[in-house]
Amino acid sequence: MSVAPEPEGAANAALNAVLDSQWQGVPALVLRSPPGAGKTGVAQRVALQSATYLQQRCMVVTQTNEQAYDLTRRLVTNRAGLPIYMFARKGLNLPDDLRHHTGLRMVERTGDLPAEPSITIGNAAKWSWIDSADPMFDMQVVDEAFQLPDYKYHLISNLAPRHALIGDPGQIDPFVSCEIERWRCDPSGPQVSCPAALVKRHPEVLQLALPVSRRLNEDTVGLIQPAFYPGMPFRAMSRDRSVGFQVAGIMPFDAALDGVAAGASIVMVELPPQITGEADSELAQELVASIIRLLRRRAWMSDDGRIRDVTPADIGVVCAHVSQVNAVRERLGPGLSDVFVETANRFQGIERPFMFVHHPLSGRADATAFHLDAGRLCVMLSRHRIGCWIFGRQGITQQLIRFAPAGDRALGIDDDPEYQGWRAHLTLLAALSNAGRMFPAVYGLAPSNAA
Amino acid sequence: MADLLHVAARLRALQNSEAVPIVSQRQVVIQSHAKILTLLSMAGEDTSVHAAAFGGFGEPAQVFVVADPRRRDDQNALLRTLLPLFDAYYAQCRALRTFPQIWVSSAGALGHLDTLADRLRFTDEPEIRRLGELWTYAGERSPVAGQQALISATGALRLHFATGQQEAEDEHLLTLLTWIEPPRGRDIFAAVAAAEETPMGVKTDPGFDSSSLQPAITDFHNAKSDAERAFHQTRIQQILEGVVRPIYTATQRAMALLSHPRWRDNPSLDELAQQESEEFERFMQAREDGFFLPYHDSPKAGAMKIAARERAVTNVEAAMLRHDGAARERGVVKGSVLRGQLVSIHEHHLGPRLYEYDLVLSSSQDSLHLRKGDELWLLEGAKLSIEVTDIERRGPFTRITGRVGDGKRAAKRMTAGPALDFGPGAPDWPGVGRMLARMGTRLVNAPWTHGDELPLATPSPRARPANLRAAVEDLT
């Protein structure tokens with residue numbers, strides 16, 4: 001009888017396979033990664049191997065400047081002393097820590113791109129402006145590739161003959177603002193994420209998956225994996241994540257805090273039912289008050305054996321809409337300015353020990369594809385290392401039942417993201433309700449029964 | 001929830017038993033030479049044309065009917081009759097350096113025309129193929145933001161009015177017109193119910209089909225003589241004219257309502273008209289140059305089309321926020337437009353003749369879509385941009401600080417007090433052409449990733465470290 005390797009061993013074996021594929025010279029590798037599996041670390045290692053041992057010119061594609069900065073920070077400290085190039089527009093306002101780094105060289109013009117083995121980082125938009133139809137690199141690494149629509153990948157794919165597309169297939173699909181009915185039945189259409197389109201065109205390309213999440217703990221993986229990654233099993237690396245409080249709880253929200261301290265990594269905090277629209281000032285106020293309560297109870301955390309007090313920088317807030325982000329930010333005040341508040345789209349690739357989530361369906365009278373999107377909910381519920389509190393108005397289950405997806409399917413497309421999202425929302429609410437993880441935000445409010 | 005103004009307007013329409021205008025400016029270009037095309041297909045034959053009504057704005061319809069569109073020769077004869085009408089119209093528009101505009105009754109009729117265009121393009125008959133190509137211009141433009149080539153009357157009216165019925169019900173042109181011009185002294189719902197009895201789509205009523213149309217077609221096929229056949233042909237023509245003419249007339253009425261001087265000019269439409277003329281010329285030139293119109297896009301064509309559509313969305317939104325009052329107010333409610341009172345202007349002297357300016361605005365909006373680093377442009381007056389450097393909540397107000405980029409001279413002359421609107425930059429229509437030209441260069445060689453053949457693996461000949469992972473980890 002074979003024994004499943006320990007998480008650490010499984011993660012190492014997966015990395016070995018990825019690095020080895022580059023020595024085999026495969027034309028393309030699609031690497032699927034669950035949340036927090038260290039995919040940016042893999043991109044870093046693939047790029048370093050490419051430029052050093054394989055002596056290649058390697059271009060790294062990110063989706064945003066922030067992602068480019070993050071990867072650059074990891075790469076500029078490489079021990080080989082390899083200079084890292086950043087291909088960016090003139091006048092780009094670099095973060096302070098990168099601006100004066102001696103290992104970073106800025107490139108603004110195509111003619112100045114390095115001709116020797118090297119690593120050059122740039123965002124997809126910048127790469128697409130190169131006036132050349134010929135390859136200029138040997139290797140192309142695309143980080144967060146599932147966020148890149150195929151038509152944008154098309155614009156940059158001929159810059160290198162070999163490709164590694166690394167990303168999380170469970171997150172938010174690429175955002176396309178225009179009407180796409182023309183390509184709706186095309187599973188490799190220009191609006192589809194580039195790894196999915198590439199695999200559809202060339203099913204023989206090498207596909208690998210990372211089997212371990214370093215960020216999520218066992219309890220969260222138990223909720224997230226079946227709901228959002230049914231075809232992609234993965235485990236948690238860590239068993240040692242916890243939070244505790246030096247001050248006992250007496251306020252309504254304290255029960256939700258104590259629930260996480262008792263080992264429930266995801267809980268829901270319910271406000272009285274109300275149709276509020278996109279901006280819900282009461283919910284934003286409650287959410288901020290809860291953050292303050294977390295800190296006032298002098299929380300401490302244990303994260304993979306490191307024990308310390310919780311600070312505002314350990315806390316993140318994720319919302320569906322920018323207006324909700326603003327509503328929270330405006331209420332945080334100067335003492336909590338280190339709390340990171342963003343939309344789900346911009347939270348991709350970012351983690352915090354503790355997350356506060358504004359439920360995307362809270363306070364709404366309808367349930368649109370945007371708010372049902374499984375990818376959006378998955379991002380929101382997979383940013384935390386220790387604990388996650390979901391804030392929402394009561395009645396979401398009833399709302400979901402009222403707005404069951406119409407089943408508008410496209411010929412030739414197997415996926416139905418709206419239905420998958422609807423199902424994931426119901427599954428999650430039922431799981432939280434069954435496990436007694438619904439907590440009222442105010443006294444006298446009975447928890448919802450979504451089971 | 002995104003458009004509370006529209007919800008409020010629909011409630012008001014319900015309360016008043018009459019549609020309410022939701023804009024004061026015209027939302028579509030109406031070409032004086034626009035043509036109305038009303039097509040009827042046969043039940044079960046989605047891509048057929050059983051009857052067609054065609055005419056200019058304010059003109060009576062020319063009606064063409066075939067006894068049975070399933071008889072291919074008859075169907076093609078009808079389509080061949082339509083070809084010279086469109087050929088002449090397109091040629092006239094090209095000579096005038098403008099664009100053709102076709103009005104249909106509803107979104108369903110629009111979809112029917114689009115489907116027909118796709119089908120006719122691939123027939124063996126050159127004339128039919130040509131008609132399909134001409135209609136394809138309208139069909140391919142219809143999903144593009146800001147297009148003015150193919151207009152559905154219901155879609156255009158809905159941009160101007162809100163009714164008290166559900167949005168899907170607004171797709172019936174006659175009920176929509178009934179809400180806009182309700183009969184005096186009659187209950188609106190009774191009037192709408194009566195209007196619903198009249199077919200306004202691309203199909204005839206099933207009851208009518210079984211009681212009138214199908215027997216007439218059967219009689220036509222069973223006719224023993226040419227004279228008898230001609231009699232039944234005329235009978236079918238008459239009964240279908242009774243269906244197609246009211247749709248044509250309702251479409252005319254929609255155009256007349258939207259041409260009324262009550263609708264103020266909308267400068268953003270001038271840009272859209274110019275853009276449409278250029279698109280039309282490009283399309284016709286490509287046909288003359290022999291470029292094929294495929295049914296499915298190649299990856300390259302798909303990439304270029306979707307990129308152009310995305311830029312069109314951005315440009316149309318930017319244009320509307322600048323020139324259209326209702327769009328601006330919707331932007332303020334949604335938070336995509338920052339409306340704030342200018343509280344103060346700070347001048348920073350950085351060196352000899354080197355100044356920076358910060359504008360501080362106070363806004364009472366509670367749904368602002370703003371982030372630090374966002375670039376916003378003044379939507380009226382001087383050409384001035386700011387980069388948002390700080391956002392802070394103070395009681396019921398949000399205080400926004402922005403560093404002036406373009407327009408420092410204008411900023412220097414500003415004084416505190418006025419309310420200002422900031423939003424996205426001005427539309428850049430020539431930028432679409434520049435982008436497509438650049439994409440054409442980039443994609444001249446099709447990459448293997450978007451072709452048919454997967455290249456072979458090419459193993460590296462270099463010496464491989466014994467412990468590869470450890471060797472790479474040592475580099476991090």
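What share of the 451 residues in chain A is made up of buried residues? In this predicted model, the buried residues of chain A amount to 53% of its 451 residues.

## Confidence and overall build of chain A

The mean pLDDT of chain A is 91, and 98% of its residues score at least 70. Within this chain the confidence is highest in strand S6 (residues 139-142) of chain A, with a mean of 98, and lowest in helix H11 (residues 322-332) of chain A, where the mean is 86. H11 of chain A returns below, in the description of the contact with chain B.

The secondary structure of chain A consists of 16 helices and 19 strands. Its radius of gyration is 23 Å, close to the 22 Å that the globule rule gives for 451 residues, and chain A is therefore as compact as a globular protein of that length. Taken along the principal axes, the box filled by the C-alpha atoms of chain A is roughly 70 × 60 × 50 Å. Of the contacts in chain A between residues at least 6 apart in sequence, 75% join residues at least 24 apart.

## The parallel sheet of chain A

Chain A contains an open sheet of 8 strands with parallel pairing, in the order S4-S3-S5-S2-S6-S7-S1-S8. At its edges stand strand S4 (104-107) and strand S8 (206-209) of chain A, each of which pairs on one side only. Neighbouring strands of this sheet are turned against each other by 20° on average, with direction ignored.

One of the pairings in chain A is that of strand S1 (residues 28-32) with strand S7 (residues 162-167), two strands that run parallel and are joined by 5 bridges. Here Ala28(A) has His163(A) of S7(A) opposite to it. In a regular strand the side chains alternate between the two faces of the sheet.

## Two domains in chain A

The domain assignment divides chain A into domain 1 (7-213) and domain 2 (218-440), and the C-alpha centres of these two domains of chain A are 29 Å apart. Their contact involves 22 residues from domain 1 of chain A and 24 residues from domain 2 of chain A. On the side of domain 1 that touches domain 2, the elements of chain A that give two or more residues are helix H1 (7-24) and strand S9 (212-213). Which element gives the most to this side of domain 1 of chain A? It is H1(A), with 3 residues.

## The contact between chains A and B

Between the two chains, 54 residues of chain A are in contact with 46 residues of chain B. On the side of chain A that touches chain B, at least two residues each come from H1, helix H2 (39-51), helix H6 (150-157) and H11 of chain A. H1(A) gives the most to this side, with 7 residues; H1(A) also gives the most to the side of domain 1 of chain A that touches domain 2 of chain A.

## Successive hairpins in chain B

In chain B, strand S10 (residues 375-378) and strand S11 (residues 385-394) pair in the antiparallel sense over 3 bridges, with Ile386(B) of S11(B) as the bridge partner of Leu376(B). The hairpin of S10(B) and S11(B) has 6 residues between the strands, and Gly381(B) in this hairpin takes a positive phi near 85°.

S11(B) also pairs in the antiparallel sense with strand S12 (residues 397-404) of chain B, over 8 bridges. In this pairing Ile386(B) stands opposite Val404(B) of S12(B), while Leu376(B) is the residue to which Ile386(B) is bridged in the pairing with S10(B). The hairpin formed by S11(B) and S12(B) has 2 residues between the strands, and Gly395(B) in its turn has a positive phi of about 60°.

## Residues of chain B with a positive phi

Arg97(B) has a positive phi although it is not a glycine, and the same description applies to Arg353(B). The table sets these arginines beside the glycines of the two hairpins.

| Residue | Positive phi | Place |
|---|---|---|
| Gly381(B) | near 85° | hairpin of S10(B) and S11(B) |
| Gly395(B) | about 60° | turn of the hairpin of S11(B) and S12(B) |
| Arg97(B) | about 55° | loop between helix H2 (72-95) and strand S5 (102-104) of chain B |
| Arg353(B) | about 55° | loop between strand S8 (338-351) and strand S9 (354-363) of chain B |

Are these arginines buried or exposed? Arg97(B) counts as exposed because it has 10 C-beta neighbours inside 10 Å, and Arg353(B) counts as exposed because it has 6 C-beta neighbours inside 10 Å, the cut-off for an exposed residue being 12 or fewer.

Methods
Residues are numbered from 1 along each chain as its sequence is written. Chains are lettered from A and ligands numbered from 1 in the order in which they are written. This is a predicted model: local features need pLDDT of at least 70, side-chain atom pairs count only at pLDDT 80 or more; totals for chains, interfaces and linings use all residues. pLDDT is the predictor's confidence in each residue, from 0 to 100. Helices (H or I, at least four residues) and strands (E, at least two) are DSSP runs, numbered from the N terminus. The radius of gyration is taken over C-alpha atoms; the globule rule is 2.2 Å times the number of residues to the power 0.38. A residue is buried if 20 or more other C-beta atoms lie within 10 Å of its own, exposed if 12 or fewer, and partly exposed in between; C-beta atoms are placed from the backbone. Two residues are in contact if their C-beta atoms, placed from the backbone, lie within 7 Å. Two strands pair if DSSP finds at least two bridges between them. Axes are lines fitted to C-alpha atoms, for helices over the stretch in contact, and angles run from 0 to 180 degrees between N-to-C directions. Domain bounds come from an automatic or database domain assignment.
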